[in-house]
Amino acid sequence: CSSSPKPPASPSEKCGVLNVTKITENGKKVRKNWTSSWTLLEGTTLLFTKGQGGSGWFGGQSKPEITVDLRGGSVDWASKDKSSKKHVLELKIRQGTELLIHSENDNVINDWYRALQETISTHAWE
Ligand code: I3S
């Protein structure tokens, strides 16, 4: 989050490029559409924008494609039947929406797993 207006980043602020797809919306299964997305975690909000090649979305004209409130959600490693890829997280959020989040890099995805879990558990009672 180098272009963040308030460095240094707090633990609840994180960004990077991830592959993301919705798999369920309003409790209904939807067709996968893996998209490389610039991803920003800020507080309890997770935003995805279409891949910007790492330039970020501050100062860019791109608008968030998906905005997620993590409160009341859950994150876990996706089971094999959800994706054939390695390093995939399954994020369940309110209103019956499920996303898969993937990175080729296991350090990257492990960091995201920790950050998302920390955010969700910290705000579990809100
Ligand atoms: O769960 P699925 O249906 O096997 O997911 C795969 C498909 O979405 C596939 O696209 P099309 O079948 O729409 O062409 C994607 O290319 C694959 O990446 C999906 O599977 P993985 O296992 O990569 O999530």
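**Exercise 1. Which residue is the bridge partner of Ser-37 in strand 4?**

Before you start, keep in mind that you're looking at a predicted model.

*Step 1.* Find the two strands. Strand 4 covers residues 45-50, and strand 3 covers residues 35-42.

*Step 2.* Check how they run. Strand 3 and strand 4 pair in the antiparallel sense, over 6 bridges.

*Step 3.* Now read across from Ser-37: its bridge partner in strand 4 is Lys-50.

*Step 4.* Take a look at the turn as well. This hairpin has 2 residues between the strands, and Gly-43 takes a positive phi near 65 degrees there.

**Exercise 2. Find the strand that pairs with strand 1 over 8 bridges, and name the partner of Asn-19.**

*Step 1.* Start from strand 1, residues 13-25. It pairs with strand 3 in the antiparallel sense, and you can count 8 bridges.

*Step 2.* Go to Asn-19 and hop across to strand 3: you land on Ser-36.

*Step 3.* Put the pieces together. Strand 3 pairs with strand 1 and also with strand 4.

**Exercise 3. Are Asn-26 and His-87 buried or exposed?**

*Step 1.* Locate them. Asn-26 sits in the loop between strand 1 and strand 2, while His-87 is in the loop between strand 6 and strand 7.

*Step 2.* Look at the backbone angles. Most residues other than glycine have a negative phi. Asn-26 isn't a glycine, yet its phi is positive, about 50 degrees. His-87 also has a positive phi, near 60 degrees.

*Step 3.* Count neighbours. Asn-26 has 8 other C-beta atoms within 10 Å, and the cut-off for exposed is 12 or fewer, so Asn-26 is exposed. His-87 has 20, and buried starts at 20 or more, so His-87 is buried.

**Exercise 4. Which residues surround the ligand, and how do they split by class?**

*Step 1.* List the shell: Lys-32, Trp-34, Ser-83, Ser-84 and Lys-85.

*Step 2.* Sort them. Trp counts as nonpolar, Lys as charged, and Ser falls among the polar ones.

*Step 3.* Tally up: 1 nonpolar, 2 polar and 2 charged residues.

**Exercise 5. Describe the whole chain in a few strokes.**

*Step 1.* Count elements: there are 8 strands and 1 helix.

*Step 2.* Put them in order. The pattern is β-β-β-β-β-β-β-β-α, with the helix coming after the strands.

*Step 3.* Check burial: 23% of the 126 residues count as buried.

*Step 4.* Finish with contacts. Among those between residues at least 6 apart in sequence, 43% join residues at least 24 apart.

Conventions: Residues numbered from 1 in each chain as written. Predicted model: local features only at pLDDT ≥ 70, side-chain atom pairs only at ≥ 80, totals over all residues. Helix = DSSP H or I, 4+ residues; strand = E, 2+ residues; numbered from the N terminus. Contact = placed C-beta atoms within 7 Å. Near = placed C-beta within 6 Å. Pairing = 2+ DSSP bridges.
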